[in-house]
Amino acid sequence: MLKLRPSIKASSFTESVIRDMTRLANHHGAINLGQGFPDFAAPAALKEAAAQAIAENHNQYPITWGVPAFREAIAAKYGRDYRVAIDPETEVCVTCGSTEAMIATMLGVLDPGDEVVVFEPFYENYRPDAILSGAVPRLVTLRPPDWTFDEADLRAAFSDRTRAVIINTPNNPTGRVFTREELEAIASLCMRYDAIAITDEIYEHILYDGAVHVPMATVPGMEDRTVTISALSKTYSVTGWRVGWAIAPTSLMAGIRPVHDFLTVAAAAPLQVAGITALALPSSYYEEMAAGYAARRETIMRILAEAGFEAQAPSGAYYVMADCSHLGLGDDVATARHLVEHVGVAAVPGSSFFSDPAEGSHLLRFAFCKELATLEAAGERLLRSRRD
């Protein structure tokens with residue numbers, strides 16, 4: 001009977017807190033400001049392209065690491081946006097979302113016992129990914145209100161055992177956009193200790209107040225030691241498509257592609273074909289998208305302030321970390337449960353983004369990738385609860 005149990009690895013982490021909040025929101029009929037998916041439609045051109053791809057019978061297994069024309073579109077877009085040369089034949093692997101790209105990368109390039117530098121608060125998948133790959137996390141804290149790191153802390157986290165650093169910019173959950181100077185400091189340590197950078201850049205086009213996204217692969221010296229991860233999900237409002245990618249030099253891709261092959265075989269063929277249309281959208285699409293998110297950010301910041309939350313406006317992505325202490329409802333978990341069950345608004349407990357839950361016990365993460373009317377309705381519920 002003792003053998004009828006989960007593995008030790010699986011037992012060392014729980015199911016996603018973010019996705020659990022969505023289940024609770026659905027159960028209680030709450031407005032979901034927890035999980036980061038839009039409640040508005042994807043661009044019509046993408047939906048039409050997906051339907052056309054299915055009708056044209058792109059419904060069988062694609063090449064494991066991606067439909068050739070889609071890989072070419074990915075390489076072309078990075079060439080246009082960042083002036084980097086990518087070989088779509090050898091340096092791109094299309095995956096089932098950026099989530100799979102991250103675990104395939106960690107399994108493909110890390111060995112058990114390798115140390116990995118991780119900035120916290122971190123996207124909650126990174127810790128289970130480290131456990132599954134056998135890596136040992138070394139944490140560097142991003143400190144509010146600007147969510148910056150201390151270079152001394154960063155230097156202390158690196159050693160001869162360091163194999164990689166995970167960078168998420170723009171950052172989930174804090175909205176921090178790493179500056180070129182910060183990336184150069186990280187790059188200097190990567191080169192000193194012969195480490196690689198694994199960068200989650202899925203929010204690269206969602207920026208505010210003149211913030212600029214700098215891909216780590218464009219920092220001198222990092223061209224051959226960076227794995228760049230992104231996806232269609234956030235930029236094009238198709239989180240359910242699960243189409244992402246990893247870009248890496250052939251020396252690292254040699255580990256990523258075979259792991260991806262045996263994890264999932266391939267991402268959905270017709271949605272990859274539709275992705276070609278997404279990556280060819282004009283610059284006006286990105287300008288309009290950014291303006292729409294700027295309006296949503298302004299709305300959520302006003303709502304949170306009116307409801308008594310203390311929060312710093314993010315520089316990128318579509319999340320706000322807010323102090324919920326004023327509510328007097330207990331820690332973040334108790335507060336989040338009260339809000340979803342009794343107020344009708346779902347947020348994510350901040351402790352899920354920290355290795356030590358106490359560090360986030362006063363915080364909630366709110367996602368504002370919603371219609372303005374949805375945000376206003378959530379604000380009315382929060383204000384009514386405060387008055388009551």
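This is a guided tour of the structure shown above, with a suggestion at each stop of what to select next.

**Before you start**

The model is predicted, so to speak of local features a pLDDT of at least 70 is needed and side-chain atom pairs count only at pLDDT 80 or more, while totals for chains, interfaces and linings use all residues. Residues are numbered from 1 along each chain as its sequence is written, and side-chain values use heavy atoms, with hydrogens and water left out.

**The whole chain**

Begin with the protein chain in a cartoon view, where there are 13 helices and 13 strands; helices (H or I, at least four residues) and strands (E, at least two) are DSSP runs, numbered from the N terminus. Along its principal axes the C-alpha trace spans about 60 × 55 × 50 Å. For 388 residues, a compact globule would have a radius of gyration near 21 Å, and the 21 Å of the protein chain agrees with this; the radius is taken over C-alpha atoms, and the globule rule is 2.2 Å times the number of residues to the power 0.38.

Now switch to a surface view, in which the chain exposes about 16500 Å², with carbon and sulfur atoms supplying 53% of it; such areas come from the Shrake-Rupley method with a 1.4 Å probe, and for residues only the protein chains shown count as cover. Of the 388 residues, 54% are buried, where buried means under 20% relative accessible area, exposed means over 50%, and partly exposed lies in between (1.4 Å probe, protein chains only). Among the contacts with a separation of 6 or more, 75% are between residues 24 or more positions apart, a contact being heavy atoms within 4.5 Å.

**Helix α9 and its surroundings**

Select residues 250-264, which form helix α9. The 15 residues of this helix should span 21 Å at 1.5 Å a residue, and its end C-alpha atoms are 20 Å apart, which agrees; the expected span is 1.5 Å times one less than the number of residues. Which residues of α9 are buried? They are Leu252, Met253, Gly255, Ile256, Arg257 and His260. An α-helix has 3.6 residues a turn, so residues three or four places apart point the same way.

Add the elements against which these buried residues pack, namely α4 (68-82), β2 (92-95), α5 (97-109), β6 (196-200), β7 (226-231) and β8 (244-247). Following α9 is valine 265, whose phi is positive, near 70 degrees.

From α9, move to arginine 71, which is in helix α4. Arginine 71 has a relative accessible area of 1% and is therefore buried. Leaving out residues up to four places away in sequence, arginine 71 touches Ile63, Trp65, Gly66, Pro88, Glu89, Val92, Val94 and Arg257.

**Stops in the loops**

Select proline 121 next, in the loop between β3 (115-120) and α6 (126-133), where a cis peptide bond with an omega of about 10 degrees joins glutamate 120 to this proline. Another stop is proline 170, in the loop between β5 (162-168) and α8 (180-192); here a cis peptide bond joins threonine 169 and proline 170, and omega is about -10 degrees.

Go on to tryptophan 147, in the loop between β4 (136-141) and α7 (151-157). Tryptophan 147 has a positive phi of about 55 degrees although it is not a glycine, and its relative accessible area of 9% makes it buried. Then select aspartate 194, in the loop between α8 and β6, which is likewise not a glycine and has a positive phi of about 55 degrees. Is aspartate 194 buried or exposed? With a relative accessible area of 54%, aspartate 194 is exposed.

**Two more helix residues**

Methionine 289 lies in helix α11 (residues 283-306) and counts as buried at 10% relative accessibility. Apart from its neighbours within four places in sequence, methionine 289 is in contact with His205, Ile206 and Thr235. To try a distance tool, choose methionine 289 and threonine 174, which are 115 residues apart in sequence and 20 Å apart in space, C-alpha to C-alpha.

End the tour at valine 343 in helix α12 (residues 332-343), a residue that is buried, with a relative accessible area of 10%. Valine 343 is in contact with His338, Arg381, Leu382 and Ser385, its neighbours within four places in sequence being left aside. Valine 343 and leucine 24 are 319 residues apart in sequence, and 13 Å apart in space from C-alpha to C-alpha.
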